[in-house]
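Thank you all for coming. I would like to take a few minutes to go through one structure with you, beginning with the whole chain and then settling on a single helix and its neighbours.

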Amino acid sequence: MIRWRGAAFVRGAVRGPTVTYGLIAACCLLFLASPVSGLNPAYGTGDAILSAQSDYFTRWGVLPKELMTGRPHALLTPLTALFVHGSWLHLLGNMLFLYVFGGMTEERVGRIEFALFYVVSGYLALLGYALAHAESDQTLVGASGAISAVLGAFLHLFPRARVTSIFPFLLFLPLRFPAWIVLVFWFALQWLAIQSSSSGPGVAYLAHLVGFGLGFLYAWARFRGTDRVKRRKPVERAGAAATEGESQP
């Protein structure tokens, strides 16, 4: 449960954040139906399913080299890639972060605006990664950039929200910290990971940073001049404990 300035956000107290739940449901259902989940018998087994997975990523994921050509299908892939995930761990890690941080952000900005913010930020985050790796032929998939934007917006909107977190170097003990500590620490990890990462396939940390920056700037510009007391007013709504470990959005 998240506590913000002494007020509890009680599960089920009000109607939940429908856009956040809808995005989670869409990502999960599409993953289950895809060849990546391994649960859809239509894709067969062995070499057949491996080939189907490769075709799936190529068709719906972002190939920076292809995106730079400006072809219509390629220009759509930063949107489709937001709903494609590469593994169960990838999916569950992203959905956990979206569930924890998306609901309060959606409530603050409104459903329609949150949906547009999510899609546009996710698109731009993947585009930013593609521009920085214009010659890459490695497929990029996942909602990481959009969810990172949600984290950035959350940091500006609710910096003092108490978030239960688990850190490996603290013996995996669940501890409560202000959101700004958890999210700044997360941002630092992404930055350090970029410095040590190779040019090969892996986690698109740059997309995380681009998305996070876009989200923070959006919230700052959108709510600049808003009464800070009003912005911090406690509102009862759904919440959950956040887990911050090695699984990155």
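Of the 249 residues in this protein, 43% count as buried, and I should say at once that we are looking at a predicted model. The accessible surface comes to about 12300 Å², and 65% of that area belongs to carbon and sulfur atoms.

As for the secondary structure, the protein has 10 helices and 4 strands, and when we read along the sequence the order is β-β-α-α-α-α-α-α-α-β-β-α-α-α. If we take the contacts with a separation of 6 or more, 76% of them are between residues 24 or more positions apart.

Let me now turn to helix 6, which runs over residues 111–132 and therefore has 22 residues; from its first C-alpha to its last it reaches 32 Å, close to the 32 Å expected at 1.5 Å a residue. Which of its residues are buried? They are Phe114, Phe117, Tyr118, Ser121, Gly122, Tyr123, Ala125, Leu126, Tyr129 and Ala130. In reading that list, it helps to recall that an α-helix has 3.6 residues a turn, so residues three or four places apart point the same way. The cover over these buried residues of helix 6 includes helix 1 (18–33), helix 3 (64–67), helix 4 (72–80), helix 5 (88–109), helix 7 (144–157) and helix 9 (205–222).

Two of these neighbours deserve a slower look, and I will take helix 7 to begin with. The axes of helix 6 and helix 7 come within 7 Å and cross at roughly 120 degrees, which means that helix 6 counts as oblique to helix 7, given that the roughly perpendicular range ends at 115 degrees. From helix 6, the contact is made by Phe114, Phe117, Tyr118, Ser121, Gly122 and Ala125, and from helix 7 by Gly145, Ala146, Ile147, Ala149, Val150 and Ala153. The crossing of these two helices, helix 6 and helix 7, is right-handed.

The other neighbour is helix 4, which packs against helix 6 at an angle of about 120 degrees, with the two axes 8 Å apart. Helix 4 is therefore oblique to helix 6, and it passes helix 6 in a right-handed crossing. Here Leu75, Pro78 and Leu79 of helix 4 meet Val119, Tyr123 and Leu126 of helix 6, and of these helix 6 residues, Tyr123 and Leu126 are among the buried ones I listed earlier.

I will stop there, and I am glad to take questions.

Terms used
Residues are numbered from 1 along each chain as its sequence is written. This is a predicted model: local features need pLDDT of at least 70, side-chain atom pairs count only at pLDDT 80 or more; totals for chains, interfaces and linings use all residues. Side-chain values use heavy atoms; hydrogens and water are left out. Buried means under 20% relative accessible area, exposed over 50%, partly exposed in between (1.4 Å probe, protein chains only). Contact means heavy atoms within 4.5 Å. Accessible areas come from the Shrake-Rupley method with a 1.4 Å probe; for residues, only the protein chains shown count as cover. Axes are lines fitted to C-alpha atoms, for helices over the stretch in contact, and angles run from 0 to 180 degrees between N-to-C directions. Angles under 35 degrees count as roughly parallel, over 145 as roughly antiparallel, 65 to 115 as roughly perpendicular and the rest as oblique. A crossing is left-handed if the near helix is turned anticlockwise from the far one by less than a right angle, and right-handed if clockwise.
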